[in-house]
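Here is a short, friendly tour of one model, meant to be read with the viewer open. Have a look at the sequence and structure first, and then we can go through a few features together.

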Amino acid sequence: MSLLLLVDDPARPDVVGLRSLSDDGTLLDSSEVPTDALPAVARERADRPRWVWDDTARRYPPLLAAGVRVERCHDLRLCHAILRRSVYTQSSALAQAPPGPWDGPRDPAPVEGSLFDDVGPAAVADPLEELQLQLAAVAGSDEPGRLRLLLAAESTGALIAAEMHHGGMPWSVETHDALLTDLLGPRRKGGRPAKLEALADEVRTALGQPALNLDSQPDLLRGLRSAGCDVESTRTWEIKALEHPVRDPLLAYKKLSRLLSANGWAWMEAWVHDGRFRPEYVPGGVVTGRWATSGGGALQLPASIRGAVRADPGWKLVVADAAQLEPRVLAAMSGDGAMAAAGRQADLYQGVVDAGIVETRSEAKYAMLGAIYGATTGPSAVLMPRLTTAYPRAVALVEAAARAGERGDVVSTWLGRTSPRPDAAWQAELAAASAEGAGADDVRAARRRGRDWGRFTRNFVVQGTAAEWALCWMAALRRRLLAVDGRPHLVFFLHDEVMVHSPAAVAESVAVAVHESAVEAGRLLFGETPVDFALDVVVADSYDQAK
DNA sequence: TCATCCCGCGCC
DNA sequence: AAAAGGCGCGGGATGA
């Protein structure tokens, strides 16, 4: 396999340069092609190169628009971000260089004013030089194998993100409209839909304030308090605790009003075109390695409108989610055999109950999440000692991550994505609190911030490794889907869940591929592990039929 | 008037 | 029923 690097020529915007490289980054051959001929050149390459480019989000869409799919790539910007920070590459030239053009956001905002006018032109980002720095950083690292897997998974994720945006999620505006009309009442120009307006009236009547504006938090808070409700805010959990006639209509109003503003008709018109919802995915957009999205709120599609996600006629949706992914990942990372045994059955939480650790599934769930997120108070913290006894290795791993964070140290995922350091203010606070003669308030504040950061690092190692597993799962699935007839393709990804739009005739084959890919992901990350990565897989016509 | 802050809540 | 980590977004309030 060879590398094929794409470079711009600043002097000639109408052409792009192609550099053939060996695996170690040695330049073998150079050529130039007209920019508009690039898709044809890409299509005709028979040697299945790994494309190397600065930014998949910029380079891949024109190829997709021309009907060209790229098998694999190396996204220099995403890989740079990982290697700059990874504990495994801290001694590399890449990590030790001062910040340069590969650092920072993809589209940096223009610099205001003249502060930087006299420092000369910005450093030019030479992709060949950058690639060679990255390859050297990996080759010289403590864990080249893990990093290579991580960089490949991250880059494949970028390809998938572009492909999913290109293909779009099948979306029925008719169903969406029917759902909204059913829940909210018919759409009305310049006013609330009827059911929402009726609820608003009920609230105003219950409070005895006919002119109250429910959409103003301060007004609503004042209105509640003057009606004798003892609340500090207008949050749902405070309203729920009220014993007052306003409670139920207000809760209903808040719920529906949220639906209207977040995923109502305006959202539909802004984001759904030609029967497809096309959010912009942002691979690596979260520090832990999870994806973010920008626009459309694709990672927060409420359950109430998922029925609008409908397969095309003759097609199906194959919806799969990894069951209790984070506990399973923790069991694998820590080599905790007892926790792996609990996950031997489809429902890991029930496995914890069956092992006699706690009484109910719900307790098992909250105890486990408490361990991963760092619950310090409440019922879930009370269950921690039992979890520690039953699963000592798993708990020790997250505890060690928490302690590291409290000290201001960094932690890493299984494949080497490393957490950021706490900011300067945090470190200063820690230093001030440990200095001679520090006030009791300072010490308390520093302890609290330390524990906050410890909860972040505790969660980072598990959430981040789960994100790596999910990337490997999806990358394996993408490859397997190529071997299935009828072009089934990924259309959605949500942390531990994937959705494939598939011709009905091959949907069962896709479901098999989904399972096989999960096994492959587990092996890729952890080798021979006793941990099962269980899935819930559903073949359905619409998203609400899953789960 | 516009940009930013903060609240509140949807998802995992 | 619980408490905690990660996000994005819309809306009003706020302040330049």
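A residue counts as near a strand if its C-beta atom, placed from the backbone, lies within 6 Å of it. Please keep in mind that this is a predicted model.

**Around the DNA**

With that cut-off, DNA strand B is surrounded by 16 residues. The closest are Ser-233, Arg-235, Thr-236, Gln-300 and Pro-302. Which element gives the largest share of the surface near DNA strand B? Helix α11, covering residues 247-263, does so with 3 residues. The surface near DNA strand B is made up as in the first row below, and the second row gives the contact between two helices that we visit next.

| Site | Nonpolar | Polar | Charged |
|---|---|---|---|
| Surface near DNA strand B | 4 residues | 6 residues | 6 residues |
| Contact of α13 with α19 | 6 residues | 1 residue | 1 residue |

**Two packed helices**

Helix α13 (residues 325-334) packs against helix α19 (residues 392-407) at an angle of about 95 degrees, and their axes are 9 Å apart. Angles of 65 to 115 degrees count as roughly perpendicular, and α13 and α19 are therefore roughly perpendicular to each other. On the α13 side, Leu-330, Ala-331, Met-333 and Ser-334 take part, meeting Arg-393, Ala-394, Leu-397 and Val-398 of α19.

**A small sheet**

An open sheet of 3 strands runs in the order β6-β8-β7, with antiparallel pairing. Because β6 (169-170) and β7 (272-273) are at the edges with a single partner strand each, one side of each has no neighbour in the sheet. Between β6 and β8 (residues 276-277) there are 2 bridges; Pro-170 has Arg-276 in β8 as its bridge partner.

Note on methods. Residues are numbered from 1 along each chain as its sequence is written. Chains are lettered from A and ligands numbered from 1 in the order in which they are written. This is a predicted model: local features need pLDDT of at least 70, side-chain atom pairs count only at pLDDT 80 or more; totals for chains, interfaces and linings use all residues. Helices (H or I, at least four residues) and strands (E, at least two) are DSSP runs, numbered from the N terminus. Ala, Val, Leu, Ile, Met, Phe, Trp, Tyr, Cys and Pro count as nonpolar, Asp, Glu, Lys and Arg as charged, and the others, Gly among them, as polar. Axes are lines fitted to C-alpha atoms, for helices over the stretch in contact, and angles run from 0 to 180 degrees between N-to-C directions. Angles under 35 degrees count as roughly parallel, over 145 as roughly antiparallel, 65 to 115 as roughly perpendicular and the rest as oblique. Two residues are in contact if their C-beta atoms, placed from the backbone, lie within 7 Å. Two strands pair if DSSP finds at least two bridges between them.
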